[in-house]
Amino acid sequence: MLVEVTATMLLLGLLLGFVGAGGSGFIIAILTVAFGYPIHTALGTALAAMFFSSLSGSISHYREGNMILKTGAIVGLAGALGAWISSSWSSFIPADQLGWMTSGMLFTSGLALWFRMVHQAKYAGKKAAAPMRTNGWKFYLSAASIGLVTGALSGLFGIGSTPFIQLGLMLILGLSMRFAAGTTMLVIIPIALAGGAGYYSVGYLDIQLLIAVVIGTMLGSYVGAKFTKRVPALMLKTCMVLTPMLGAAILLI
């Protein structure tokens, strides 16, 4: 079955690379609906797989100067704590209820992504507000709160929480869209690592399945990313919003 999983993830990676999404929700839906893996195993695998995609993305953003290291480190470390704690909570939630809850979070994630796009378009061309100073108790409290909340969501539902992290960085800490995107990639690394470790500690992480998912999605994403600039912007934005919602719809089957 692992060969079929790799091939399917290769095709899925084409879509994820095209829309620039981590796709953990879609991975969860495919593993549970198409291949019959338990929802808890699918959550742990999808969350751990994000570590690899986020690592490569972070290196690229760092080289492009799109990252604020101090902010990303604080939010990410707090997020790792939230993910580690909440990943153990999922074992107490019945599989059918967890599936419904994860699906709901994916729909909410799509709405948050749409709101982020609206916010970006509204302030396009305007002078960005000054970001919060990276010192003082207000900054540390705000950054830690963003990390704990989004990390807990990631650990419990196996999703990347990318739109929620970016909204927190923009609306609360005042980061521009450019720095929010790059810093979010850094934030997800410790969240995915801690969340994956949490699922592994309770027996819900299949290493062989993880390898198959990572190989397929990374190869597919590399090819899919080459089509991003070749389609109209409206089509790309529509696909970005609908991708997590489609994963949620599949999960509801």
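Gly220 is buried, its relative accessible area being 0%. This glycine belongs to helix 9, which spans residues 207-224. Leaving out residues up to four places away in sequence, Gly220 touches Leu10, Gly13 and Leu14. With Leu14 the separation along the chain is 206 residues, while the C-alpha atoms of Gly220 and Leu14 are 4.4 Å apart in space.

**Model and overall composition**

The structure is a predicted model. Its mean pLDDT is 81, and 86% of the residues score at least 70. Confidence varies among the elements: helix 4 (residues 69-89) has the highest mean pLDDT, 92, and helix 10 (residues 233-251) has the lowest, 72.

The protein contains ten helices and zero strands. Its pattern along the sequence is accordingly written α-α-α-α-α-α-α-α-α-α. Of the 253 residues, 50% are buried. The accessible surface amounts to about 12,100 Å², and carbon and sulfur atoms contribute 72% of that surface. Among contacts with a separation of 6 or more, 82% join residues that lie 24 or more positions apart. The pair Gly220 and Leu14, 206 residues apart in sequence, illustrates a long separation along the chain.

**Two enclosed helices**

Helix 2 (residues 24-33) is largely enclosed by the rest of the structure, because nine of its ten residues are buried. The buried set consists of Ser24, Gly25, Phe26, Ile27, Ile28, Ala29, Ile30, Leu31 and Thr32.

Helix 7 (residues 162-171) is also largely enclosed by the rest of the structure, since eight of its ten residues are buried. Those residues are Pro163, Phe164, Ile165, Gln166, Leu167, Gly168, Leu169 and Met170.

Ser161 is located in the loop between helix 6 (137-157) and helix 7. Its relative accessibility is 3%; because the cut-off for a buried residue is under 20%, Ser161 counts as buried. Apart from neighbours within four places in sequence, Ser161 is in contact with Thr150, Leu153 and Ser154. Ile191 lies 30 residues from Ser161 in sequence, with a C-alpha to C-alpha distance of 10.0 Å.

**Packing of helix 3 and helix 8**

Two packed helices are described by the angle between their axes and the distance between the axes. For helix 3 (residues 39-63) and helix 8 (residues 177-201), the axes come within 7 Å and cross at roughly 145 degrees. The crossing of helix 3 past helix 8 is left-handed. The residues of this contact comprise 14 nonpolar, ten polar and no charged.

**A partly exposed position**

Thr108 is placed in helix 5 (residues 95-122). With a relative accessibility of 35%, Thr108 counts as partly exposed. Along the chain Thr108 and Ala248 are 140 residues apart, and their C-alpha atoms are separated by 9.7 Å.

**Selected residue pairs**

The pairs discussed above are collected here with their separations.

| Residue pair | Separation in sequence | C-alpha to C-alpha distance |
|---|---|---|
| Gly220 and Leu14 | 206 residues | 4.4 Å |
| Ser161 and Ile191 | 30 residues | 10.0 Å |
| Thr108 and Ala248 | 140 residues | 9.7 Å |

Note on methods:
Residues numbered from 1 in each chain as written. Predicted model: local features only at pLDDT ≥ 70, side-chain atom pairs only at ≥ 80, totals over all residues. Heavy atoms only, no water. pLDDT = per-residue confidence, 0-100. Helix = DSSP H or I, 4+ residues; strand = E, 2+ residues; numbered from the N terminus. Buried < 20%, exposed > 50% of the residue type's maximum accessible area, 1.4 Å probe, protein only. Axes fitted to C-alpha atoms, helices over the stretch in contact; angles between N-to-C directions. Left-handed = near helix turned anticlockwise from the far one by under 90°. Nonpolar A, V, L, I, M, F, W, Y, C, P; charged D, E, K, R; others polar. Contact = heavy atoms within 4.5 Å. Areas by Shrake-Rupley, 256 points an atom, 1.4 Å probe, with all protein chains shown as cover.
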